[in-house]
Amino acid sequence: MAGAVERLKVISIIIRLVLILFMIPALCSCGSDESGMIARVSRVAMGTLVEISAVGSPDRTKPAIEAAFDEIRRVENLTSFHKVSGLTQINDSSGETHVKSDAELVDLIRKSVRFSEYSDGAFDITIGSIGRLWNFSGESGPRLPDRSEIEKLLPTVGSKLLKIDSDQNLVFLPVKGMALDLGAIAKGYGLDRAAETLRRMGIGSGLVNAGGDIVAFGKKAPDKPWRIGIQDPRNPGGILAVGEINDRAVVTSGDYERFFMDADRRYHHILDPKTGYPAEGLQSVTIVAPDGVTADAMSTAVFVLGKDKGLALIETMPDVAGLVVDRHGSVFMSEKARHMFELKQ
Ligand code: AMP
Ligand code: MG
């Protein structure tokens, strides 16, 4: 089993890398506009390939892109689940003591708790303890835990258990073994911070693309909005839908991103906090929102909620649109998404 899982993990990483390499040219075509050049720099960060594009002259875009990558690295150091970070300090003290934390991290944790409330617990960063059992993001690769191991840890899951003192920036995980995992929201936050950094450095138009999750602002050229593609969850490199975005984040959660197969069953990294097992029913969810944090948290939440409850939740949120692919590959869109995306199949 361990050897098979290891092999599948290697295959999955190769597929993901090939996919990202194919996807990026499809997601944002290269070129220049009348007012100048579009500078593009790609680096590995946040567990994927991040490409930052900025419109403007090189003397402006070069330092701005460098600063944006520095900002992404800073967010990683604050939120990482595996490397020593502000977050692991909190997790290491579970069941023992509160931790004085960074105001920025406490704010992201509080926002995460709010998304748990909106989604009736479908999105929940206290999934960390059970996430560790599955180990989809760990170095040694995923494994299928025994049901008894999962059931033992279910009482450590639930944002309602968390104790947060926002005035003093204290966080306490009261149950031993509890762990926070910001994997479903930190990338969105990193995208927001990188875009904000570009803006602060004088860039009027830019796009930050982390493995297909995107924040875009301004336009590619005066009469040309940024154009993005949504990946087909069962056709690596294939594009399911395209659309134009302006000052928006587009984030996708999919069962193809981190997974293994066992006895013809797909086990993937998006867990239902109520069962501790991978959420069933969907292949992918793409959310368009004004910011990356909302798009990232909502893509995971809707994936767990499933098509009907997920689309119903999207319709209650002004400025949020969603596209859902069910287990059969059928596509369903929220009202606003129907005006944004053109299906390619
Ligand atoms: P995403 O790709 O944004 O949907 O995030 C998935 C990642 O978030 C996983 O790799 C876990 O680290 C974490 N995660 C898994 N299930 C959940 C959940 N139900 N709520 C919050 N975070 C989750
Ligand atoms: Mg997410």
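Helices α4 and α8 cross in a right-handed way. This is a predicted model, so treat what follows as a reading of predicted coordinates. Two packed helices are described by the angle between their axes and the distance between the axes. Here, α4 covers residues 103-118 and α8 covers residues 292-305, and the two pack at an angle of about 45° with their axes 11 Å apart. That angle makes α4 oblique to α8.

Who does the touching? On the α4 side the contact is made by L108, K111 and F115, while α8 brings V293, T294, A297 and M298. Sorted by character, the contact residues come out as five nonpolar, one polar and one charged.

Stay with α4 for a moment, since this helix also leads over to a sheet. α4 lies across β5 and β6, running at about 130° to β5. Those two strands belong to an open sheet of three strands, ordered β4-β6-β5, with antiparallel pairing. Strands of a sheet pair through backbone hydrogen bonds, either parallel or antiparallel. β4 (99-100) and β5 (163-165) sit at the edges with a single partner strand each, so one side of each has no neighbour in the sheet. Zooming in on the pairing of β5 with β6 (residues 170-172), you'll find three bridges in the antiparallel sense. If you want a spot to click on, try I164, which stands opposite V171 in β6.

Now jump along the chain to β15, which spans residues 321-326. Is this strand mostly covered or mostly open? Mostly covered: six of its six residues are buried, meaning that each has under 20% relative accessible area. The side you look from doesn't change that picture. A321, L323 and V325 point one way from β15, G322, V324 and D326 point the other way, and all are buried. Note that D326 is in that buried set, even though Asp counts as charged.

What does β15 pair with? One partner is β14 (residues 282-289), which runs antiparallel to β15 and is joined to it by six bridges. Within that pairing, I287 stands opposite G322 in β15. Another partner is β16 (residues 331-333), again in the antiparallel sense, this time over three bridges. There, V325 of β15 stands opposite V331 in β16.

β15 and β16 also form a hairpin, with four residues between the strands. It's worth checking the backbone torsions here: in this hairpin G329 takes a positive phi near 95°.

Technical notes. Residues numbered from 1 in each chain as written. Chains lettered and ligands numbered in written order. Predicted model: local features only at pLDDT ≥ 70, side-chain atom pairs only at ≥ 80, totals over all residues. Heavy atoms only, no water. Axes fitted to C-alpha atoms, helices over the stretch in contact; angles between N-to-C directions. Parallel < 35°, antiparallel > 145°, perpendicular 65-115°, else oblique. Left-handed = near helix turned anticlockwise from the far one by under 90°. Contact = heavy atoms within 4.5 Å. Pairing = 2+ DSSP bridges. Buried < 20%, exposed > 50% of the residue type's maximum accessible area, 1.4 Å probe, protein only.
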